[in-house]
Amino acid sequence: MPKGQANIDVIAIQPTRRSVYLTLIAVALLAIIGLFLASLSHFKSLEIGDAETRLALYERSLKGTLERFEHLPYVLARDPMVMDRHARLNHRLAAFAEESRLEAIYLMDTTGTVLAASNHATPLTFMGENYGFRPYFKAAMAGKRGEFFGVGATTGRPGYFISEPVIDDGGALVGVIAIKLDMSELQKAWEEGGENVLVSNADTVVVLSSKADWRYRTLVPLTPTERETIRTGRQFGAEPLDPLDWQVQDENTVRLSGEEFVYAANPVGRLGWQVHYLLDESRVYERATLTTILFGVLITGLLLLATFLRSVRIRAALEAAQADRAELIATNDELKDAQEELSRSSKLAALGHLAASVTHELGQPISALRNHLTAAEIGGEISSPTTVSKLNKVLDRMDTITRQLRFFAKPGNEKLEEFAIQDVWTGTMDLVGHDLQAAGIDLTCSIAPEPVRVLGNKLRLEQVLVNLVTNSMAAMEGHDTKRLAVTIGRNGGEAFVSVEDDGQGFGDRALQQLQEPFHTTRASGDGMGLGLSIASAIIREHQGSLEAETIPTGGARFTMTLPARDTRTTT
């Protein structure tokens, strides 16, 4: 193929590739934005459901408090002792109030003056006071039940008032009986709950709330007429009734004092009251953001992988097409077949040579680089200990790769010998003992006193134990306490070595998955994922087996079993 034609093909491909990349980036951004909006909507709907559930609980507690004694005034209004204004009425009302845990029960005449009261013997008694200005008194004088919430004109404490007209046997209205419910216990329970809940009346004044600074504030500013009506009834004493910074954004969102909350509200059905429950909306954004990040990373990774694979396929296809075109122009069918065969043979030979020599060829530059780094560190040419540490980690990583590759290139026909399995652990400790001590790992060993002999290659079995111990050390990184237990013994005709740690365990991964080449649970760069694959291969060469399990405490246990050299059993 002419050289100019190849350049034209490359130039034509570059704009197409850029457009593909831009399209994929745009798709990824749109997917992430859509995912965030969908997550936001989903988690907000969950929060709304939670808010409505909590609201129902608060609504029931409020209704239970208000309705608990709503029929008592009706019963008292028909009590003969109340209608006759008996001399012992004060004591009777005091007994009722104490038994029912009401703040006060009192009887008023037709002008609103208190004639008898349960608190007649207290310093803040209602006796002789006139409450003719109260709405609940006026409602009872009109022959109806009266209900009212307000700050007590005598005690200064808020309460819920319920009144009933007292009618004598002749049908004449002779007075009004009223009770006062103390709302302080309910108020205290809400405050201790630590949630955001409030109750507003028909004038949007907050009468109950879990936050003290919200109480007796208004959700919307009051008109002069509304203020005058409240002042006339002395409902809230001298409270200024300033408005809260309250803005309803939509049906389920409200802004209060500059913060947004998930919002739910329900009417109580008494005096125009309404219960409001608020959940901090920042939880919705946190959960949506976390979900978006997790799925965004996944989507981006999949798109990058797809782009990479597509690029590889396109390049491979282009190269194959160019090779085919050159072969068609340069030779006839017979020469082309021979040339293709020669090309395949050359590639296989190159791959075989590469696989055989890579460990040898990498060993020399790695050793040289490590020597140069040591010399530079000794000579003070590298002043940063962090830089030296990072370079040493890179060299260790490269050295680990070459050692693992060396295993696959190494033939498995080493000479076998008989030895005690305890000797394998001794050799292992020579290699990793210092690392265990430096990592602060508490090592516990339970080793059979009598030699347990096996047939095999001691150095390769040491490689297995080194790998298992190293895996356990890595699994316990970051733990406050680190424990490693090693058990060596004999079970029937098998020798066994067990390595147990209190690390992170395997989760739901099976041993078959852990033994797959290049499967690793460590962070990128910490290993090739060949350790367990190598260990399993070595143990299979020795006619043994490797088992792994997650122990109840959450760590991992590896058990290596090998055929013992005789049939003695331990007890």
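Q: What makes strand 12 and strand 14 a pair, and in which sense do they run?
A: Strand 12 and strand 14 share 4 bridges and run in the antiparallel sense. Two strands pair if DSSP finds at least two bridges between them, so 4 bridges is enough. Within this pairing, Ala-420 stands opposite Arg-453 in strand 14. One caveat up front: this is a predicted model, where local features need pLDDT of at least 70 and side-chain atom pairs count only at pLDDT 80 or more, while totals for chains, interfaces and linings use all residues. Residues are numbered from 1 along each chain as its sequence is written, and side-chain values use heavy atoms, with hydrogens and water left out.

Q: Why is Glu-417 called neither buried nor exposed?
A: Glu-417, found in strand 12 (residues 417-420), has 43% relative accessibility. Buried means under 20% relative accessible area and exposed over 50%, with partly exposed in between (1.4 Å probe, protein chains only), so Glu-417 counts as partly exposed. By the way, helices (H or I, at least four residues) and strands (E, at least two) are DSSP runs, numbered from the N terminus.

Q: Which residues does Glu-417 touch beyond its sequence neighbours?
A: Leaving out residues up to four places away in sequence, Glu-417 touches Val-454, Leu-455, Gly-456 and Lys-458. Contact here means heavy atoms within 4.5 Å. The C-alpha atoms of Glu-417 and Val-454 are separated by 8.2 Å, with the two residues 37 apart along the chain. Val-454 and Gly-456 belong to the covered face of strand 14 (residues 453-456), and Arg-453 and Leu-455 to the uncovered one.

Q: What makes strand 7 and strand 8 edge strands?
A: Their sheet is open, with 6 antiparallel strands in the order 7-6-11-10-9-8. Strand 7 (206-209) and strand 8 (246-250) each pair on one side only. For strand 8, the partner is strand 9 (residues 253-256), antiparallel over 4 bridges, with Val-248 opposite Val-254.

Q: Why is the contact between Tyr-131 and Phe-133 called edge-to-face?
A: Rings of Phe, Tyr and Trp (its six-membered ring) pair if their centres lie within 6.5 Å; planes under 30 degrees apart count as stacked, over 60 as edge-to-face and the rest as tilted. These two sit 6.4 Å centre to centre with 65° between the planes, so both tests are passed. Tyr-131 and Phe-133 are buried too, and they form one aromatic cluster with Tyr-106 and Phe-126.

Q: How do you know that Arg-78 sits over the ring of Tyr-74?
A: The charged end of Arg-78 is 3.6 Å from the ring centre. The rule asks for NZ of Lys or CZ of Arg within 6 Å of the ring centre and within 35 degrees of the ring normal. Arg-134 also lies over a ring face, that of Phe-161, at 5.8 Å from the ring centre.

Q: What makes phi worth a look at Arg-101 and Tyr-216?
A: Most residues other than glycine have a negative phi. Phi is positive at both spots, near 60° for Arg-101 and about 60° for Tyr-216. Arg-101 is in the loop between helix 4 (89-100) and strand 1 (104-108), and at 60% relative accessibility Arg-101 counts as exposed. Tyr-216 is in the loop between strand 7 and helix 7 (224-232); with a relative accessible area of 10%, Tyr-216 is buried.
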